[in-house]
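Work through the following exercises with the sequence and the 3D structure open. Try each task before reading its solution.

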Amino acid sequence: MIEDLRTLVEIESPSRDLNALTSSAKAVAAVIESRLGGQAVVIESEAGPHVHWAAGGDPKVLILGHHDTVFPLGTLERRPFLVEDGRATGPGVFDMLGGLVQAVHGLATLDDRSGVEILVTADEEVGSRSSRALIEERALACGAALVMEGAADGGALKTGRKGCGTFQVSVTGRASHAGLEPAAGVNALIEAAHQVLDIAVLGRPGIGTTVTPTVVSAGTLDNVVPAEATVVVDVRVESADEKERIEAAFAALTPHLDGAEITVQGGVGRPPMPESASAELFAVARQLLPGLEGTAVGGGSDGNFTAALGVPTLDGLGAVGGGAHADHEYLVVAAMAERANLVAGLVKAVQNM
């Protein structure tokens with residue numbers, strides 16, 4: 001497992017870098033074929049190649065993951081793959097190349113892999129726009145999904161996820177000289193400030209809804225009334241009702257300044273993953289690994305899509321470790337075999353359901 005992990009980590013795979021993702025997809029396919037046999041099919045898309053492998057027989061369980069990472073090319077030079085003091089480090093070890101390796105090696109222990117499919121996508125970190133339809137198609141065909149994202153704190157599985165999305169509010173005003181004719185302009189930055197205050201009160205943390213303005217840009221020069229501004233907002237929700245409320249609220253935003261115009265783009269792209277979607281599979285996991293914990297988390301994954309379809313979905317089955325998307329990302333080596341065996345046990349259980 002360590003050598004396969006090294007192979008994948010040392011082929012950097014930042015989202016949207018099609019050349020890097022092509023090399024990564026080939027490496028993922030080669031690892032799958034070398035450990036499981038058969039043919040791993042590379043599926044081209046505008047976001048990069050996805051990898052699909054099927055053992056044959058009636059589809060029963062989808063192993064779901066992604067090979068794109070958030071780290072730009074060159075990260076490996078600064079932070080090379082390393083195994084030291086029981087931890088593996090390097091770009092993507094935890095999110096989520098370690099989970100892919102564990103899944104493949106877990107399946108390799110099974111004499112019967114009938115009904116098992118693996119789908120490794122190229123765009124999860126940037127919203128899964130090109131892969132969503134394929135994910136949903138294979139999840140519905142299989143009827144159960146095991147998601148190989150990294151575990152939650154302490155190795156807990158992820159039994160629920162918030163729906164998440166991004167909105168961009170664009171403001172158009174009118175430029176003028178800030179010293180000579182400030183009143184002749186329509187200040188897009190001031191309008192954006194009004195919108196930020198309106199948006200910030202939409203959150204309802206008590207029921208899990210967070211609405212967080214994260215990026216604001218405006219203006220061109222220090223002596224020009226800004227004619228344009230944008231506000232980017234991160235949204236997380238726990239229910240479909242809250243998704244609808246938030247999207248309606250953004251659609252209803254109106255300008256405060258005469259002459260200002262606003263447009264809104266975006267939405268809650270990943271629907272919530274309710275804990276009910278994981279209940280049956282989590283019960284099986286706890287039989288296989290007594291004491292295993294489960295928790296609902298704020299981040300989204302492709303498991304949100306499968307759960308929203310009513311497909312039983314269990315997430316966080318990948319690497320035990322931490323530091324996702326950060327320079328201190330790491331994987332606990334001692335937990336790899338246990339997690340590989342957990343995947344194998346879950347697959348056997350689903351095959352017999």
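**Exercise 1: Contacts of one core residue**

Task: Which residues is Ile118 in contact with, leaving aside its neighbours within four places in sequence?

Solution. Contact means heavy atoms within 4.5 Å. With neighbours within four places in sequence set aside, Ile118 touches Ile32, Leu36, Val51, His52, Trp53, Leu62, Ile63, Val104 and Leu107.

Before going on, note that this is a predicted model, in which local features need pLDDT of at least 70 and side-chain atom pairs count only at pLDDT 80 or more, while totals for chains, interfaces and linings use all residues. Residues are numbered from 1 along each chain as its sequence is written, and side-chain values use heavy atoms, with hydrogens and water left out.

**Exercise 2: The nonpolar cores**

Task: Find which helices and strands supply at least two residues each to the largest nonpolar core.

Solution. Step 1: fix the terms. A nonpolar core is a set of buried Ala, Val, Leu, Ile, Met, Phe, Trp, Tyr and Cys residues joined through side-chain atoms within 4.5 Å. Buried means under 20% relative accessible area, exposed over 50%, and partly exposed in between (1.4 Å probe, protein chains only). Helices (H or I, at least four residues) and strands (E, at least two) are DSSP runs, numbered from the N terminus.

Step 2: the largest core has 52 residues, and Leu5, Ile32, Ile63, Ile118, Leu146, Leu314 and Val347 touch the most other members.

Step 3: at least two residues each come from α1 (2–9), α2 (18–36), β2 (50–54), β3 (61–66), α4 (93–108), β6 (116–121), α8 (279–288) and α10 (336–351). Helix α4 gives the largest share, nine residues.

Step 4: another core, of 19 residues, lies apart from this one; Phe167, Val231, Val237 and Ile262 are among its members.

**Exercise 3: The faces of helix α7**

Task: Why do the buried residues of α7 line one face of the helix?

Solution. Step 1: in α7 (residues 240–251), Glu242, Ile246, Ala249 and Phe250 are buried. Seen down the axis, these buried residues fall within an arc of 95° (taken from the directions from the helix axis to the C-beta atoms), so they line one face.

Step 2: Asp241, Glu244 and Ala251 are exposed on the other side of α7.

Step 3: the buried residues of α7 pack against β9 (163–172), α6 (188–200), β10 (210–218), β11 (228–237) and β12 (261–270).
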